[in-house]
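Take a look at the model below. This report walks through its pockets, its charged pairs and a few single residues.

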Amino acid sequence: MPNETKQRTCLAIVLAAGEGTRMKSRTPKVMHRIAGRTMLAHVLAAVQAAGSQRIAVVVGPGREDVAEAVKLAAPGAEVFVQEDRLGTAHAVLAAREALQDPVDDVIVAYADTPLVAPETFTALRGPLAQGATVVALGFRAENPTGYGRLLVEDGRLVAIREEKDADEEERRVRLCNAGLMALAGSEAIAILEGIGNDNAKGEYYLTDAVAAAISRGLRTAVVEAEEVEVQGVNDRVQLAAAEQVMQKRLRERAMREGATFLDPGSVYLSFDTVIGRDVVIEPQVFFGPGVVVEDEAVIHAFSHLEGAHVGRGANVGPYARLRPGARLGGKAKVGNFVEIKNAELADGAKVNHLTYIGDASIGAGANIGAGTITCNYDGFAKHRTVIGARAFIGSNSALVAPVTIGEGAFVGSGSVVTEDVPADALAVARGRQQNKPGWATEFRSRSTKK
């Protein structure tokens with residue numbers, strides 16, 4: 001069946017028109033993030049991975065911000081507006097223009113259901129290749145109260161029954177409706193147009209697609225998923241719950257691919273975090289988007305990484321911060337209370353403690369002493385510092401960019417360097433020390449009398 005599915009054309013319609021008032025936020029609900037990526041982007045990525053060659057996203061009126069986010073996450077996607085909120089089937093028909101083009105399969109997904117895996121969307125398409133016209137996604141609920149029930153006879157879906165309409169026997173059914181569907185492309189518009197609005201709200205519900213298909217003698221089917229996978233997000237509590245599910249997935253994947261987590265539950269990953277083999281991650285580490293950690297590196301506790309590349313065998317932390325543009329070479333060392341931003345450390349370079357390196361290039365084997373800072377910002381523009389291979393920067397030095405420290409050069413502790421330092425030279429840029437014998441005794445005597 002997977003091979004048959006791959007050969008079929010697929011349109012995914014993602015519904016992103018919900019208000020999300022329970023989020024208590026100015027940010028549209030589908031734009032809230034899980035593992036560093038919006039819920040909307042998670043769903044778009046999943047339907048693409050499931051083989052959708054075309055994507056249509058339905059947004060609410062005045063939601064140009066959501067439309068722009070669609071273009072960023074899936075540049076080829078089409079955006080349609082549901083001007084009036086008249087139900088889920090009505091929302092799907094807002095993308096009528098996309099539905100009119102010939103396609104084998106149509107997936108209907110929700111942008112606030114971000115945990116559905118690509119494999120589940122692929123499975124949802126499967127029965128369409130076997131002749132089904134409508135396929136509903138279901139789950140076995142631990143507590144089915146409040147959910148619509150999927151009623152199945154002889155392996156075929158015969159109805160979706162809302163709980164308020166179900167009899168006592170139907171309420172005992174634990175197979176519940178997840179809301180997601182797949183439709184045969186050739187019948188999709190006819191089925192959707194066959195859905196009426198004879199209900200209390202006068203709306204057109206996608207769940208009625210099953211009855212519309214059966215009334216025309218067409219086949220229906222059910223595909224099951226785990227309950228945790230199909231949970232939707234309507235408020236901040238559910239957002240946090242979805243975050244925990246996603247984090248568990250990401251941690252398990254990293255560990256199965258060869259990384260060691262000393263305390264997995266305290267480490268937070270992003271959707272795109274790449275961690276190599278034999279990497280050790282200590283507790284309380286946060287990975288923002290865009291981080292790659294190569295094999296055999298160690299990330300010590302309480303470190304924060306974002307937009308950074310950590311080379312093979314490098315050592316980071318504890319209490320280190322790697323900001324976007326940080327690139328560490330093999331066996332480089334970034335120690336405690338060190339911040340690296342838009343800077344490269346070549347192989348074996350060491351920045352061990354209490355240091356800020358920004359907009360800089362550090363050569364192989366260079367050693368940066370404690371308390372060193374690159375003064376990269378003059379109030380108007382950023383400037384670059386270049387430190388050559390094997391250079392030694394003494395503690396508590398300030399390197400005022402733009403400045404170059406040559407290969408093998410030494411900078412004396414406490415220096416404020418404003419001019420280039422030649423290779424293999426010593427630079428000392430500080431006031432000359434003066435010792436005044438007896439000064440301390442006299443000072444204490446005066447102070448005591450006062």
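The largest pocket in this predicted model is lined by 49 residues. Thr88, Tyr110, Gly179, Tyr205 and Thr207 lie nearest its centre. The space in the largest pocket comes to about 1900 Å³.

Which parts of the chain supply the lining of the largest pocket? Four elements each give at least two residues: strand E1 (10–16), helix H4 (88–93), strand E9 (156–161) and strand E10 (175–184). E10 gives the most, with 3 residues. By class, this lining has 19 polar, 16 nonpolar and 14 charged residues.

Now turn to the second largest pocket. Its volume is about 360 Å³. Its lining has 15 residues, and Arg37, Pro118, Met246, Arg249 and Arg253 lie nearest the centre. Here the suppliers of at least two residues each are helices: H2 (39–49), H6 (118–129) and H10 (236–256). The lining of the second largest pocket divides into 10 nonpolar residues, 4 charged and 1 polar.

**Charged pairs**

Side chains of opposite charge can pair when their charged atoms come close. How many salt bridges does the structure hold? The count is 21. Three of the pairs are set out here, with the distance between their closest N and O atoms.

| Acidic residue | Basic residue | Closest N and O atoms |
|---|---|---|
| Glu78 | Arg54 | 2.8 Å |
| Glu168 | Arg172 | 3.7 Å |
| Asp359 | Lys341 | 2.6 Å |

Start with the salt bridge between Glu78 and Arg54. Glu78 sits in strand E5 (residues 78–81), and Arg54 sits in strand E4 (residues 54–59), so the pair ties together parts that are 24 residues apart in sequence. Are these two residues buried, exposed or partly exposed? Glu78 has a relative accessible area of 25%, so it counts as partly exposed. Arg54, at 24% relative accessibility, is partly exposed too.

Next comes the salt bridge between Asp359 and Lys341. This pair links distant parts of the chain. Asp359 belongs to strand E24 (residues 350–362) and Lys341 to strand E23 (residues 333–345), and the two residues are 18 apart. Buried or exposed? Asp359 has 7% relative accessibility, so it counts as buried. Lys341 is buried as well, at 9%.

The salt bridge between Glu168 and Arg172 has another setting. Both Glu168 and Arg172 are exposed.

Some charged residues join in a group. Arg8, Asp105 and Arg125 are linked in a network of salt bridges.

**Cysteines**

How many disulfides are there? The count is 0. Two cysteines can still be placed by their accessibility. Cys176 is at 0% relative accessibility, so it counts as buried. Cys375 has a relative accessible area of 24%, so it is partly exposed.

**Three single residues**

Thr355 lies in strand E24, which also holds Asp359. Thr355 has a relative accessible area of 3%, so it is buried. What does its side chain reach? The side chain of Thr355 comes to the backbone nitrogen of Gly371, at 3.5 Å.

Asp112 is found in the loop between strand E6 (105–110) and H6. H6 is one of the helices that help line the second largest pocket. Asp112 has a relative accessible area of 16%, and the limit for buried is under 20%, so Asp112 counts as buried. Its side chain has a polar partner: a contact of 2.7 Å joins the side chains of Asp112 and Lys29.

Asp198 also lies in a loop, the one between helix H8 (188–193) and helix H9 (209–215). Buried or exposed? At 81% relative accessibility, Asp198 counts as exposed. How far is Asp198 from Gly20, in sequence and in space? They are 178 residues apart in sequence, and their C-alpha atoms are 26 Å apart in space.

**Looking back**

Return to the pockets with the pairs in mind. The largest pocket has a lining of 49 residues, and the second largest has a lining of 15. Among the salt bridges, Asp359 with Lys341 joins strands E24 and E23, while Glu78 with Arg54 ties together E5 and E4.

Key: Residues are numbered from 1 along each chain as its sequence is written. This is a predicted model: local features need pLDDT of at least 70, side-chain atom pairs count only at pLDDT 80 or more; totals for chains, interfaces and linings use all residues. Side-chain values use heavy atoms; hydrogens and water are left out. On a 1 Å grid over the protein atoms alone, a cavity is a set of points where a 1.4 Å probe fits but cannot get out, and a pocket is an open set with protein on both sides within 12 Å along at least five of seven lines; lining residues have an atom within 4 Å of a point. Grid points are joined across faces, edges and corners, and a volume is the space filled by probe spheres set on the points. Ala, Val, Leu, Ile, Met, Phe, Trp, Tyr, Cys and Pro count as nonpolar, Asp, Glu, Lys and Arg as charged, and the others, Gly among them, as polar. A salt bridge is a side-chain nitrogen of Lys or Arg within 4 Å of a carboxyl oxygen of Asp or Glu. Buried means under 20% relative accessible area, exposed over 50%, partly exposed in between (1.4 Å probe, protein chains only). A disulfide is a pair of cysteine sulfur atoms within 2.5 Å. A polar contact is a pair of N or O atoms within 3.5 Å; within protein, one must be able to donate a hydrogen and the other to accept it, and residues adjacent in sequence count only if both atoms are side-chain atoms.
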